[in-house]
Amino acid sequence: MRVISGEARGRRLKELTGLETRPTTDKVKESIFNIIQFDIEGRRVLDLFGGTGQLGIEALSRGAASCTFVDLRREAAALIRENVALCRLDDRARVVQGDSLSFLAGCREKYDLIFLDPPYASGLLEQALERACAIDILTENGIMVCESAVDQTLPALREPYVKGREYRYGKIKITLYRREA
């Protein structure tokens, strides 16, 4: 697992041992960033189910203004801090060790780009989408990037949130939601 592009390009990120964390493959990550490449620079990013932090770190490396990482597990939050420091991106990163849905419930900030990649089949993705929409967490023209199993059907959200394209990569599906102006 490495940073693909930008100021931290080529840096190898550390991973957690065990099966609790399912890092996004480099192929899927590269595809995601090809899709959103013009929506990163200068943006405020939220990596809600941080895991190793690789999606938020990639965004920071490509010029995002800041990234907030959230993960429930203490060891995951510690690893994200370590990976952010390894890439020398600490000055633009904030790591929160806590429940992602609780974070959303108390969130008073708006983000331009949100990554949602919770454990598959946990129901957390649908809950996070509904909560994000309810608190209107995205800025105008903001994007939510969701990773799920290819057979999972994600809900339509109420306006101004619009479900966009879906991209399939083997057993993985990427779904984009946008907040219209």
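**Hairpin E6/E7.** I began with the turn between E6 and E7 in this predicted model. The two strands form a hairpin, with two residues between them. I checked the backbone of the turn and found Gly-170 at a positive phi of about 65 degrees. The pairing of E6 with E7 is antiparallel and runs over seven bridges. For the register I noted Lys-163, which stands opposite Tyr-177 in E7.

**Ile-174.** I listed the contacts of Ile-174, leaving out residues up to four places away in sequence. The list holds Val-28, Ile-32, Val-145, Cys-146, Glu-147, Arg-165, Glu-166, Tyr-167 and Tyr-169.

**Nonpolar cores.** I then looked up the largest nonpolar core, which has 32 residues. Ile-174 is one of the members that touch the most other members, together with Ile-32, Ile-36, Phe-115 and Val-145. I traced which elements give two or more residues to this core: helices H1 (26-35), H2 (54-61) and H3 (74-86), and strands E2 (66-71), E4, E5, E6 and E7. H2 provides the largest share, four residues. Another core, of 25 residues, lies apart from this one. Among its members I noted Leu-116, Ile-137, Met-144 and Leu-154.

**Helix H5.** I went through H5 (residues 124-134) for burial and found Leu-125, Ala-128, Leu-129, Ala-132 and Cys-133 buried. Viewed down the axis of H5, these residues fall within an arc of 130 degrees, so they line one face of the helix. I also looked up what covers them; the cover includes helix H4 (100-106) and strands E4 (111-116), E5 (138-149), E6 (161-169) and E7 (172-179). Just after H5, I recorded a positive phi of about 50 degrees at Asp-136.

**Aromatic rings.** I searched the whole structure for aromatic pairs and got one. The partners are Phe-33 and Phe-115, with ring centres 5.7 Å apart. Their planes meet at 45 degrees; stacked needs under 30 and edge-to-face over 60, so I entered the pair as tilted. Phe-33 belongs to helix H1 and Phe-115 to strand E4, so the pair ties together parts 82 residues apart in sequence. I looked up burial for the two rings, and both Phe-33 and Phe-115 are buried. Phe-115 had already appeared in my notes on the largest core, among the members touching the most others.

**Charge over a ring.** My last entry is Arg-44, which lies over the face of Tyr-111. I noted its distance from the ring centre as 5.2 Å.

Notes:
Residues numbered from 1 in each chain as written. Predicted model: local features only at pLDDT ≥ 70, side-chain atom pairs only at ≥ 80, totals over all residues. Heavy atoms only, no water. Buried < 20%, exposed > 50% of the residue type's maximum accessible area, 1.4 Å probe, protein only. Arc of directions from axis to C-beta. Contact = heavy atoms within 4.5 Å. Pairing = 2+ DSSP bridges. Core = buried A, V, L, I, M, F, W, Y, C linked by side-chain atoms within 4.5 Å. Phe/Tyr/Trp six-rings, centres within 6.5 Å; stacked < 30°, edge-to-face > 60°. Lys NZ or Arg CZ within 6 Å of the ring centre and 35° of its normal.
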